Amino acid sequence: MSAYDFYETERALAEYLLFHYGSAEQILPWTFGPATALNYPARCVSECLEIARLPGQARALDLGCAVGRSTFELARHCSEVVGIDYSHRFIEVARHLQQHGSMPYAYVEEGHLTTPAMAVVPTEIDRHRITFEQGDAQDLRLDLGLFDVVLLANLVDRLREPRRCLGRLSDLVRSGGQMIVTTPCTWLEDYTPASAWLGGVEQDGRPVRTLETLQTVLDPHFTLTRTLDLPFLIREHARKFQWSVAQATVWIRR
Ligand SMILES: C[S@@+](CC[C@H](N)C(=O)[O-])C[C@H]1O[C@@H](n2cnc3c(N)ncnc32)[C@H](O)[C@@H]1O
């Protein structure tokens with residue numbers, strides 16, 4: 001199985017449904033632990049989106065949307081939202097959530113033991129504003145149009161060619177529109193050849209970080225307005241978690 005196939009598996013589906021829609025009690029049932037890392041897909045929108053910049057009838061794009069929580073959250077502020085992910089399975093489930101508002105699943109407790117759960121889209125969100133489609137963020141269809149917001153949450157370090165994806169963004173974001181890029185900078189050769197990493201390498205004898213390369217690549221078209229540290233928590237099973245801190249950056253299209 002290649003690393004990319006992980007996002008087609010039932011294990012990834014359960015982890016991401018819990019990550020996107022699980023409650024604090026389901027994910028972190030103790031009084032100790034990194035509670036500030038909960039609700040990451042919603043916080044990518046609530047903490048990063050610059051609402052005052054949005055025009056009426058704003059359009060948003062969520063690239064690498066997985067099972068769609070950030071996409072739904074963008075619909076609180078935008079009249080049309082498109083969610084795109086490479087995983088057929090994730091998009092199938094995101095579409096089910098868009099159509100029905102909920103999806104039964106089971107998350108792992110230990111070994112083969114699971115707990116049944118229901119992923120529920122917050123009922124106040126207008127699901128009619130959203131469409132989900134399977135697609136490759138490095139090879140997007142040419143007729144997507146212009147957006148007022150583009151979100152790339154934890155996507156760039158999962159791409160084979162992150163620069164190719166970033167290169168298309170200036171065509172997708174309307175002048176004055178915003179782009180939110182979050183990344184834990186987890187560069188792995190399983191996903192991205194080291195020659196294409198945006199950070200975590202030495203060049204000409206000095207260390208290069210992801211933020212520096214993002215600035216170099218995006219600078220011709222975008223102005224960096226904000227950087228934030230966004231913790232997130234992915235529960236693998238009842239007693240194993242990934243706690244990470246994404247670097248979030250907000251960019252305005254000139
Ligand atoms: C680490 S997950 C992040 C998902 C979501 N944005 C979040 O923050 O929970 C990476 C996502 O990118 C998707 N992905 C990987 N390669 C992609 C590509 N070439 N085009 C679009 N999506 C891709 C995966 O299927 C997965 O859903």
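This passage describes the surroundings of the ligand and the aromatic pairs in a predicted model.

In the predicted model, the ligand sits in the largest pocket, where 20 residues surround the ligand, the closest being His 20, Gly 64, Asp 85, Asp 136 and Ala 137. Classified by residue type, this shell comprises eleven nonpolar residues, together with six polar and three charged ones. Among the elements of secondary structure, helix H1, which spans residues 10-21, makes the greatest contribution to the shell, supplying three residues.

Polar atoms of the protein approach the ligand from both side chains and backbone. A polar side-chain atom of His 20 is placed 2.8 Å from an oxygen atom of the ligand, whereas at Gly 64 a polar backbone atom lies 2.7 Å from a ligand nitrogen atom. A further nitrogen contact involves Gln 138, of which a polar side-chain atom is found 3.4 Å from a nitrogen atom of the ligand. On its own, the ligand has 590 Å² of accessible area, and the protein covers 96% of this area.

Aromatic pairing was also examined, and the structure holds 14 such pairs. One of them is formed by Tyr 16 and Phe 90, whose ring centres are 5.5 Å apart and whose planes meet at 45°, so the pair is tilted; planes under 30 degrees apart would count as stacked, and those over 60 as edge-to-face. Because Tyr 16 belongs to helix H1 and Phe 90 to helix H5 (residues 88-100), this pair ties together parts that are 74 residues apart in sequence. Helix H1 thus carries Tyr 16 of the tilted pair and also gives three residues to the shell around the ligand.

Notes. Residues numbered from 1 in each chain as written. Predicted model: local features only at pLDDT ≥ 70, side-chain atom pairs only at ≥ 80, totals over all residues. Heavy atoms only, no water. Near = heavy atom within 4 Å. Polar contact = N/O pair within 3.5 Å; in protein donor to acceptor, adjacent residues only side chain to side chain. Areas by Shrake-Rupley, 256 points an atom, 1.4 Å probe, with all protein chains shown as cover. 1 Å grid on protein atoms, 1.4 Å probe; cavity = no way out; pocket = protein on both sides within 12 Å on 5 of 7 lines; lining within 4 Å. Sits in = over half its atoms within 2 Å of the grid points. Helix = DSSP H or I, 4+ residues; strand = E, 2+ residues; numbered from the N terminus. Nonpolar A, V, L, I, M, F, W, Y, C, P; charged D, E, K, R; others polar. Phe/Tyr/Trp six-rings, centres within 6.5 Å; stacked < 30°, edge-to-face > 60°.
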